[in-house]
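Hi everyone, thanks for making the time. I'd like to walk you through one model today, moving from a ligand-lining residue outwards. Please have the structure open while I talk.

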Amino acid sequence: MNPSSRSAIVTGASRGIGRAIALRLAADGFQVVINYAGNAAKAQEVVAAIQASGGQAVAVQADVSQPDDVQRLFASTQQAFGGVDVVVHSAGVMTMAPIATDSLDAFDRMLHVNLRGAFLVLAEAARHVRDAGRVIALSSSVIAKSFPQYGPYIASKAGVEGLARVLANELRGRRISVNAVAPGPVGTELFLEGKSAEQIAQLGRAAPLERLGEPEDIAAVVAFLAGPDGGWVNGQVVRANGGFA
Ligand SMILES: NC(=O)c1ccc[n+]([C@@H]2O[C@H](COP(=O)([O-])OP(=O)(O)OC[C@H]3O[C@@H](n4cnc5c(N)ncnc54)[C@H](OP(=O)(O)O)[C@@H]3O)[C@@H](O)[C@H]2O)c1
């Protein structure tokens with residue numbers, strides 16, 4: 001496989017972990033589609049950074065919770081790069097909400113974007129990814145912690161892990177691996193928003209490696225799974241978290 005003729009879709013690539021994954025896969029030789037929801041300027045910055053380094057990238061707006069948008073995302077990739085070899089589903093949202101009836105809106109919103117979004121992206125990946133391709137979905141290591149207020153988010157990400165494992169079995173015979181990557185706390189907007197400096201410092205010390213993850217830490221794990229050395233890992237959840245278990 002020649003990476004320079006391989007293409008990757010990264011959902012939620014305008015910011016945070018998705019952005020770092022897109023930059024890393026481009027550095028590894030992939031042609032990259034930068035998906036975003038509303039932040040066109042940020043997505044274009046990622047495209048410009050990749051092009052400035054000699055890589056190829058395009059930005060495609062698509063709400064991952066909308067079937068027509070997800071179909072258009074894959075059709076645009078086909079048009080831009082002639083096919084799809086790797087799909088990394090990083091787009092996601094998180095708000096804190098206790099398990100209580102007045103949290104139903106937050107629950108619905110997180111399930112809609114995180115779980116319905118994953119279902120739609122994995123479904124299109126199953127249709128489009130070429131033989132020997134890779135599908136990687138972002139889960140979260142907070143599943144093992146069961147912290148108060150994380151109920152809806154954990155429910156959505158537990159669902160993502162289930163979908164990834166099932167799809168690995170459904171794609172038997174096509175040499176396509178499907179895995180999830182579950183980061184611990186990473187200092188992005190999703191993690192930092194609404195937390196006090198004390199909470200952030202405490203979560204930063206929680207892992208035995210005693211720091212928050214960097215988006216690049218997660219991008220390195222995704223690049224391994226997407227690259228030649230990761231091909232024998234299939235149907236797994238890789239908990240990339242510095243020991244935040
Ligand atoms: N940060 C952490 O500590 C952490 C830990 C464990 C797991 N994760 C998971 O890692 C993934 C990335 O998180 P992050 O920290 O990088 O988040 P982030 O910095 O908040 O970035 C979120 C990205 O998702 C996109 N997005 C949001 N809703 C979307 C939708 N409906 N359709 C398409 N794109 C959408 C955003 O696009 P716009 O810019 O256009 O809004 C943005 O590119 C998520 O799945 C998250 O659950 C994060």
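**Starting at Ser90**

Not counting residues up to four places away in sequence, Ser90 touches Thr11, Ile17, Gly18, Ile21 and Leu138. Before I go on, please keep in mind that this is a predicted model. You'll find Ser90 in the loop between β4 (84–89) and α4. Is Ser90 buried or exposed? Its relative accessibility is 14%, and the cut-off for buried is under 20%, so Ser90 counts as buried. For a long-range pair, take Ser90 and Glu214: they are 124 residues apart in sequence, and their C-alpha atoms are 15 Å apart in space.

**The ligand**

Ser90 also brings us to the ligand, since a polar backbone atom of Ser90 is 2.9 Å from a ligand oxygen atom. How much of the ligand does the protein bury? Taken alone the ligand exposes 910 Å², and 93% of that is buried by the protein. There are two more backbone pairs for your list. A polar backbone atom of Asn39 is 2.8 Å from an oxygen atom of the ligand, and one of Val64 is 3.0 Å from a nitrogen atom of the ligand.

Now for the shell as a whole. The ligand is surrounded by 31 residues, and the closest are Ser14, Ile17, Gly38, Tyr153 and Thr188. Ile17, you may recall, is also one of the residues that Ser90 touches. By type, the shell has 16 nonpolar residues, twelve polar ones and three charged ones. Which elements each supply at least two residues of the shell? They are α1 (16–27), β2 (31–36), α5 (151–170) and α6 (189–192).

**Helix α5 and the loop before it**

Let's stay with α5 for a moment. This helix has 20 residues and spans 29 Å from its first C-alpha to its last, close to the 28 Å expected at 1.5 Å a residue. Its buried residues include Tyr153, Ser156, Lys157, Val160, Glu161 and Leu167. What do the buried residues of α5 pack against? The partners are α4 (104–128), β5, β6 (177–181), α6 and β7 (237–238).

Glu161 is a good one to click on. Its side chain makes a polar contact of 2.6 Å with the side chain of Ser139. Ser139 sits in the loop between β5 (129–138) and α5, and its relative accessibility is 4%, so it counts as buried. Leaving aside neighbours within four places in sequence, Ser139 is in contact with Lys157 and Glu161, and also with Ala180, Val181, Ala182 and Pro183.

The loop between β5 and α5 also holds Tyr150. Tyr150 has 8% relative accessibility, which means that it counts as buried. Setting aside neighbours within four places in sequence, the contacts of Tyr150 are Met94, Met96, Ala97, Val142 and Lys195. If you draw a C-alpha to C-alpha line from Tyr150 to Tyr36, you get 24 Å, for a pair 114 residues apart in sequence.

**Two backbone angles to look at**

Most residues other than glycine have a negative phi. Here are two that go the other way. Ala132 is not a glycine, yet its phi is positive, at about 70 degrees. Arg175, also a residue other than glycine, has a positive phi near 55 degrees.

Where do they sit? Ala132 is in strand β5, while Arg175 is in the loop between α5 and β6. Ala132 has a relative accessible area of 11% and is therefore buried; Arg175, at 63%, is exposed.

**One last stop: Thr77**

Finally, please find Thr77 in helix α3 (residues 67–81). Thr77 comes out at 0% relative accessibility, so it counts as buried. Which backbone oxygen lies 2.8 Å from a polar atom of the Thr77 side chain? That oxygen belongs to Leu73. Beyond neighbours within four places in sequence, Thr77 is in contact with Ser7, Ile9, Val33, Gly82, Gly83 and Val84.

That's the tour. Thanks for listening, and I'm happy to go back to any of these spots with you.

Note on methods: Residues numbered from 1 in each chain as written. Predicted model: local features only at pLDDT ≥ 70, side-chain atom pairs only at ≥ 80, totals over all residues. Heavy atoms only, no water. Near = heavy atom within 4 Å. Polar contact = N/O pair within 3.5 Å; in protein donor to acceptor, adjacent residues only side chain to side chain. Areas by Shrake-Rupley, 256 points an atom, 1.4 Å probe, with all protein chains shown as cover. Helix = DSSP H or I, 4+ residues; strand = E, 2+ residues; numbered from the N terminus. Nonpolar A, V, L, I, M, F, W, Y, C, P; charged D, E, K, R; others polar. Buried < 20%, exposed > 50% of the residue type's maximum accessible area, 1.4 Å probe, protein only. Contact = heavy atoms within 4.5 Å. Expected span 1.5 Å × (residues − 1).
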